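Student: Could we go through this structure together? I would like to start with the strands and then turn to a helix.

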Amino acid sequence: MHNLSIQLYTVRGSLEADPASALERLASIGFRQVEPFGLVDFADRLAEPLERLGLSAPTAHVKLAGADLDAVFSAARSLGVDTVIDPMIDPARWTTREGVEAVAAELREASARAAEQGLRVGYHNHAFELESRIAGTSALEVFAEAVGDAVDLEVDTYWAEVGGESAPELLRRLGERVVAIHVKDGPKTKVNTDQVAVGAGSMPIQEILAAAPRALPVVELDDFSGEIFDAVTASHSHLTSS
């Protein structure tokens with residue numbers, strides 16, 4: 001697998017201390033794409049090492065709902081980002097159809113403004129958007145229906161399973177609206193330090209990848225009890241050799 005990225009939140013400690021060194025280490029492992037987080041705050045510190053190392057950032061996490069979108073879009077253009085993804089919107093807004101549709105309307109508006117800049121807008125789930133059910137359907141799927149093609153989806157497959165959904169089945173239902181997936185592994189608990197290198201846990205990794213063949217796979221660990229770069233290296237090795 002050559003089309004592989006990594007969410008930089010995974011190595012946030014190293015990134016915050018020395019962005020260039022963190023990116024150099026990821027490049028040495030074999031990554032050629034990364035997914036920045038806190039885009040507006042980090043863009044200036046990432047631009048030079050990304051260019052020097054030949055790394056691209058097709059997707060990035062940044063707050064969109066209620067944010068200064070001009071600053072978001074400027075930061076995205078500075079790093080060559082194609083799709084800006086809101087990483088989480090208040091769980092309280094996902095408990096009713098009216099709340100979900102209001103979120104959808106807000107991101108559709110952001111999407112219209114992003115399109116003027118040649119950018120796309122997306123949303124990334126946690127567990128609560130799957131745990132919340134509206135007339136028997138997950139709030140995430142209600143949202144997907146409400147935004148249509150205007151907003152892309154980045155499905156965090158681990159949190160989807162924690163939220164009670166089969167990630168492969170969810171991906172198949174959402175189809176082409178999914179442009180990226182977070183690939184992570186572990187025992188499917190809400191304890192972040194339980195997460196492990198991809199291939200070392202109980203997630204159906206190959207089924208997930210097969211269910212969304214056109215989506216960009218993005219490695220992520222929210223946390224890890226050992227040396228994080230060991231888990232990152234093992235994840236890259238598992239995914240590129242499978």
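Student: Which residue stands opposite Leu 153 in E7?

Tutor: Tyr 123 stands opposite Leu 153. Please keep in mind that this is a predicted model. Strand E4, residues 120–124, pairs with E7 in the parallel sense, and 3 bridges link the two.

Student: How many bridges join E7 to strand E8?

Tutor: There are 4 bridges between E7 and E8 (residues 178–183), and these strands run parallel. In this pairing, His 182 of E8 stands opposite Asp 156.

Student: Why is E7 described as largely enclosed by the rest of the structure?

Tutor: Strand E7 covers residues 152–156, and 5 of its 5 residues are buried, so the rest of the structure largely encloses it.

Student: And which residues lie on each side of E7?

Tutor: Asp 152, Glu 154 and Asp 156 are on one side, while Leu 153 and Val 155 are on the other; both faces are covered. In a regular strand, side chains alternate between the two faces of the sheet.

Student: Changing topic: which residues of helix H9 are buried?

Tutor: In H9, residues 167–174, the buried residues are Ala 167, Pro 168, Leu 170, Leu 171 and Leu 174. They lie on the same side of H9, because the arc they cover around the axis is only 160°.

Student: What do the buried residues of H9 pack against?

Tutor: They pack against several elements, including E7, E8 and helix H7 (139–147). Helix H10 (205–211) is also one of these partners.

Student: What comes just after H9?

Tutor: Gly 175 comes just after H9, with a positive phi of about 60°.

Conventions. Residues are numbered from 1 along each chain as its sequence is written. This is a predicted model: local features need pLDDT of at least 70, side-chain atom pairs count only at pLDDT 80 or more; totals for chains, interfaces and linings use all residues. Side-chain values use heavy atoms; hydrogens and water are left out. Buried means under 20% relative accessible area, exposed over 50%, partly exposed in between (1.4 Å probe, protein chains only). Two strands pair if DSSP finds at least two bridges between them. The arc is that of the directions from the helix axis to the C-beta atoms. Contact means heavy atoms within 4.5 Å.
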